[in-house]
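User: I'm new to this one and would like a close look at a single part: the core. Please start there, then work outwards so I can see how the rest is arranged around it.

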Amino acid sequence: MTKIRIAIQKSGRLNEESLQILKDCGISIDNGKDQLKASSRNFPMEVFYLRNGDIPQYLRDGVVDIAIIGENVLIEKGEDISIAERLGFSKCKVSLAVPKSVKYNSIKDFEGKRIATSYPNTVLNYLKDKGVKADLHIINGSVEIAPNIGLADAICDIVSSGSTLFKNNLKEVEVMLTSEAVLAVSPKITVERKELLEKLQFRIQSVLRARG
Ligand code: PRP
Ligand code: MG
């Protein structure tokens with residue numbers, strides 16, 4: 001039997017809510033996060049638990065058919081991947097922030113500055129658009145510590161509650177984009193699996209309607 005292969009985040013902010021929306025769609029997944037792959041008992045679906053940043057490439061390669069992923073990750077690494085549904089949860093911003101003590105005037109202040117980030121493409125596009133040149137330091141996590149340890153003058157990262165910025169004495173000065181979880185689709189999805197996707201979308205749409 002053909003099964004649709006869905007990628008969801010292995011651990012992190014999207015994981016729980018991704019499993020919850022599948023559950024609300026009446027799809028029971030056997031096994032928890034300990035395994036990297038699981039199947040549904042009552043829907044032709046296989047679930048792959050993957051690292052966020054790897055998901056766009058898996059979609060591109062057609063190794064998975066669909067994914068629940070932050071739109072911000074697609075903007076950074078998967079602009080070629082299409083979105084079937086916006087899911088309304090895991091809302092966040094991708095923002096530039098500087099130490100609280102710094103007086104901020106405009107985006108021009110970033111000229112020649114060192115920015116630590118996990119979102120280099122997003123930052124470069126944003127700055128290019130504004131005619132600003134900065135020096136990027138790409139790091140994969142704990143980005144907000146960079147100014148405190150002298151690695152950078154500013155950071156660009158996800159802002160959700162704002163508590164990580166606050167704890168690190170940083171202030172948000174530019175919101176580059178807003179994001180939410182989306183259902184993304186592989187360009188290589190087969191016709192058969194597309195039919196399963198349509199069934200899933202139908203259920204997701206009624207769940208989202210009920211959530212209001
Ligand atoms: C994420 C993100 C921000 C923080 C934003 O980090 O990179 O640092 O959450 O959330 P907040 O505004 O609610 O504080 P995460 O904790 O996932 O860890 P990581 O950066 O080390 O991957
Ligand atoms: Mg972080």
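Analyst: In the largest nonpolar core, 33 residues strong, the ones that touch the most other members are I6, I8, I66, A67, I68, I69 and A184. A nonpolar core here means a set of buried Ala, Val, Leu, Ile, Met, Phe, Trp, Tyr and Cys residues joined through C-beta atoms within 7 Å. Buried means that 20 or more other C-beta atoms lie within 10 Å of the residue's own, exposed means 12 or fewer, and partly exposed is in between, with C-beta atoms placed from the backbone. Keep in mind that this is a predicted model, where local features need pLDDT of at least 70 and side-chain atom pairs count only at pLDDT 80 or more, while totals for chains, interfaces and linings use all residues. Residues are numbered from 1 along each chain as its sequence is written, and chains are lettered from A and ligands numbered from 1 in the order in which they are written.

So who builds this core? Two or more residues each come from β1 (4-9), α1 (13-24), β3, α2 (55-61), β4 (66-70), α3 (71-77), β11 (181-185) and α6 (191-211). The largest share, five residues, is from β11. These names are DSSP runs numbered from the N terminus: helices are H or I with at least four residues, strands are E with at least two. As background, nonpolar side chains in soluble globular proteins tend to be buried together.

Zoom in on I8: leaving out residues up to four places away in sequence, I8 touches N15, S18, L19, V47, Y49, A67 and I68. Touching, or contact, means C-beta atoms, placed from the backbone, within 7 Å. There's also a second, separate core of 18 residues, with V94, F110, C156 and L170 among them.

Back to β3, which spans residues 45-50 and holds E46. E46 counts as partly exposed because 16 other C-beta atoms lie within 10 Å. Again leaving out residues up to four places away in sequence, E46 touches K3, R5, K37 and S39. From E46 to V64 is 18 residues in sequence and 9.2 Å in space, C-alpha to C-alpha.

Now step back. The protein has six helices and eleven strands, and 35% of its 212 residues count as buried. Its C-alpha atoms fill a box of roughly 60 × 35 × 30 Å along the principal axes.

Five of the strands make an open sheet with mixed pairing, in the order β8-β7-β9-β6-β10; strands pair if DSSP finds at least two bridges between them. β8 (135-138) and β10 (170-179) are at the edges with a single partner strand each, so one side of each has no neighbour in the sheet. β7 (residues 114-117) pairs with β8 in the parallel sense over four bridges, and R114 stands opposite D135 in β8.

Last, two serines in loops. S90, between β5 (82-86) and β6, has a positive phi of about 50 degrees although it is not a glycine. S90 counts as buried because it has 24 C-beta neighbours inside 10 Å. S142, in the loop between β8 and β9, has a positive phi of about 45 degrees, and it is not a glycine either. S142 counts as partly exposed, because it has 13 C-beta neighbours inside 10 Å.

Methods: Contact = placed C-beta atoms within 7 Å.
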